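User: I should like to learn how to read the features of a protein model. Could you please guide me through this one?

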Amino acid sequence: MDDGALGDGPANFSRPYSRLARVSYISAVGARRRGAIPRDPGRCEFPASFWRLRNTLRQDTSRQETVRQDAVRQDAVRADTGLARAGWTEADRFAALESYGILDTPREQDFDDLAQIASQVCGTPIAVVNLVGTTRQWFKAEVGLGVRETPLETSFCGQAILAADIMVIPDATKDSRFDCNPLVTGEPGLRFYAGALLKTPSGLPIGTMCVLDFQPRQLDEHQIRTLKLLARQAMTQLELRKSLAEKEAAIREQEMAAEQQRLLTFELKHRMKNMLAMVLAIANQTIRSGVTVDDARSTFAARLGALSKAQDILTQSTWTQAGVRDVVHSALSPHGVNGGRFLIDGPEIGLSSRCSLGLSLALHELATNAAKYGALSNEVGVVEITWSVDRSGPAPEFHFQWAERSGPPVSPPTRQGFGSRIIERFLGDYFRGKAALSYAPTGVVLALRAPLSALSDAED
C-alpha cells in the first residue's frame with residue numbers, strides 16, 4: 001500500500017515536531033489503510049491546495065526554494081478559493097512576519113497570558129498564539145499542546161489566514177476543508193476550531209489567536225469578541241517589540257556613527273602631525289643640500305607633491321589604508337606609469353597610512369633620480385617594480401624591489417643625498433624593516449624587507 005503518498009514517514013517528525021506532529025502522520029497512514037482516505041485524491045474533499053502543498057513540501061530541498069514555491073502555492077489557493085486580498089501576495093505576508101523577528105524566540109509571559117485567557121473565556125482545552133510561516137506554524141504561546149510548532153500541511157490556521165477576520169469551524173468532520181485532515185480523522189480527534197487573525201497595520205495576516213477542542217461546539221458573541229480583542233492585543237505586543245527593536249537598532253547606529261567620527265578625528269589629528277613632521281624634515285634636508293634657492297624650491301615642491309598624492313590615495317580608500325599597487329601608480333603617474341617603461345607586478349596588499357606615505361616619497365625620489373640619471377633618462381630603459389610575501393620563515397615577510405635596467409651605466413654616488421637617506425633610513429623605519437640601495441652597473445636596485453604585520457599595524 002502506498003503510504004508514502006502522504007509523506008516520507010515518521011522520521012520526518014523528529015523534534016521539535018514532538019508528539020502532535022508524529023500523531024498527525026501516523027493517523028493519516030492509519031486512515032489510508034482503513035480506507036478512510038481514498039487513494040485517489042480526486043475522491044477526497046480536500047481542497048486542491050492541500051495536495052499542492054503536500055507535493056511541494058516533499059520536493060523542496062532548500063529553505064529558499066521552499067519559501068518561493070510556497071508563496072506561489074498560497075497565492076494560487078487564495079485565487080482558487082475566491083479569498084484573494086488585493087494588494088498583497090504570500091511573499092509580502094511572509095516578509096511582514098519576518099520583520100517582527102519573533103519566530104523561534106523564547107516564551108514570554110505576556111503572550112502566555114493571552115493564551116490562558118483565550119482558553120478560559122472560550123472554555124477550550126487548547127489555545128494558541130500562532131504565527132503562520134510558509135512550511136510550518138509556530139506557536140509563540142500555547143495551552144494544551146506541549147509543542148512549539150507543527151507542519152503547515154495539517155494546519156487549520158493555514159486556512160484561517162485566508163478569512164477576512166475570523167474563522168470558526170463548529171465541527172471539522174462536517175467541513176469539506178478538514179474532514180479528511182489526519183488530526184480530525186485520527187488522534188487527537190480535533191473537532192472545533194476558531195481563529196481570529198493577527199493582522200499588521202497594513203492588513204497582512206501573519207497568524208491567529210486560536211482555540212481548539214475535541215468536541216463540536218459554538219462560540220457566543222462575547223467569546224468571539226474576546227478572541228478578536230486578544231488577537232489585537234497580541235499584535236499590539238508584537239508592534240511594541242518591533243518598535244523597541246528598531247529604536248535600539250537606531251541607537252546602535254548612532255553610537256557606531258559617533259565612534260567612527262571619533263576615530264576619524266583622531267586619524268586626522270595623527271595624519272596632520274605625521275605630515276607636518278615629514279614636511280619639516282623634507283624642508284630641512286632640501287635646504288641643507290647646498291643647492292640654489294630656485295633648485296631648492298623646485299625640489300621641495302616636487303617632494304610635497306609626492307606626499308599630496310599619497311594623501312589622495314588614503315582619502316579615496318579608508319583614510320587608514322591604501323593598496324601597494326595604488327600607491328605605486330599614484331607616485332609614478334608623472335612619469336607615465338602606463339607607458340611601458342614600468343613593469344609592475346605583485347599581489348593585493350594593504351598598507352597603513354604610515355607605510356603609504358613612506359613608500360610614496362621613496363618612489364618619488366627613485367623615479368626623479370631615474371629620470372635624471374638612470375633608466376628613465378634614455379628611450380629604452382625599464383624599471384621593474386615587484387613585491388611579494390615570503391612565508392618560508394617563522395613570520396611572513398613583505399619583500400619590495402625597484403630594479404632599473406637598460407639605462408646608462410651606474411656608479412655609486414660620492415655622497416649620500418637626502419633622497420638616499422629617505423629611501424634607506426625613512427623607508428626602513430616606516431616599514432619597521434630594512435631598506436637597502438645598491439648601484440649595480442645595470443641600474444639602481446632598492447630592496448625592502450619588512451614584517452608583513454608592520455604593513456597594517458596601528459601607528460603610535
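Analyst: The discussion below moves from the whole chain to particular pairs of side chains. Please keep in mind that this is a predicted model.

User: How many helices and strands does the chain have?

Analyst: There are 12 helices and 13 strands in the chain.

User: What share of the residues is buried?

Analyst: A residue counts as buried when its relative accessible area is under 20%. In this chain of 460 residues, 46% are buried. The accessible surface of the chain is about 22700 Å², and carbon and sulfur atoms contribute 53% of that area.

User: How should I read the contacts along the sequence?

Analyst: One considers how many positions separate the two residues in contact. Among contacts in the chain with a separation of 6 or more, 65% are between residues 24 or more positions apart.

User: How many aromatic pairs are found in the whole structure?

Analyst: The search finds six aromatic pairs. One of them joins phenylalanine 156 and phenylalanine 178; this pair is stacked because the planes of the rings meet at 5 degrees, with the centres 4.4 Å apart, and planes under 30 degrees apart count as stacked. The pair links distant parts of the chain, 22 residues apart: phenylalanine 156 is in the loop between β3 and α6, and phenylalanine 178 is in the loop between β4 and α7.

User: Are phenylalanine 156 and phenylalanine 178 buried or exposed?

Analyst: Phenylalanine 156 is buried, since its relative accessibility is 4%. Phenylalanine 178 is likewise buried, at 2% relative accessibility.

User: Which other aromatic pair is stacked?

Analyst: Tryptophan 387 and phenylalanine 400 are stacked, with 6.3 Å from centre to centre and 15 degrees between the planes. Tryptophan 387 belongs to strand β10 and phenylalanine 400 to strand β11, so the pair ties together parts that are 13 residues apart in sequence. Both tryptophan 387 and phenylalanine 400 are buried. In addition, Trp387, Phe398, Phe400 and Phe431 form one aromatic cluster.

User: Where does a charged end sit over a ring?

Analyst: To read this feature, one looks at the charged end of a side chain and the ring centre. The charged end of arginine 217 sits over the ring of phenylalanine 192, 5.9 Å from the ring centre. For lysine 242, the charged end sits over the ring of tyrosine 100, and the distance to the centre is 4.6 Å.

User: How many salt bridges are there?

Analyst: A salt bridge requires a side-chain nitrogen of Lys or Arg within 4 Å of a carboxyl oxygen of Asp or Glu. The count comes to 15 salt bridges. One of them joins glutamate 90 and arginine 93, whose closest N and O atoms are 2.7 Å apart. Glutamate 90 and arginine 93 both lie in helix α4, three residues apart, which is about one turn of the helix. Both residues, glutamate 90 and arginine 93, are buried.

User: Which salt bridge links distant parts of the chain?

Analyst: Arginine 107 forms a salt bridge with glutamate 142, and their closest N and O atoms are 3.0 Å apart. Arginine 107 is in the loop between α4 and α5, whereas glutamate 142 is in strand β2, 35 residues apart. Arginine 107 counts as partly exposed, at 37% relative accessibility, while glutamate 142 is buried, at 11%.

User: Which residues are linked in a network of salt bridges?

Analyst: Glu108, Asp110, Lys140 and Arg241 are linked in such a network.

Definitions and conventions:
Residues numbered from 1 in each chain as written. Predicted model: local features only at pLDDT ≥ 70, side-chain atom pairs only at ≥ 80, totals over all residues. Heavy atoms only, no water. Phe/Tyr/Trp six-rings, centres within 6.5 Å; stacked < 30°, edge-to-face > 60°. Helix = DSSP H or I, 4+ residues; strand = E, 2+ residues; numbered from the N terminus. Buried < 20%, exposed > 50% of the residue type's maximum accessible area, 1.4 Å probe, protein only. Lys NZ or Arg CZ within 6 Å of the ring centre and 35° of its normal. Contact = heavy atoms within 4.5 Å. Areas by Shrake-Rupley, 256 points an atom, 1.4 Å probe, with all protein chains shown as cover.
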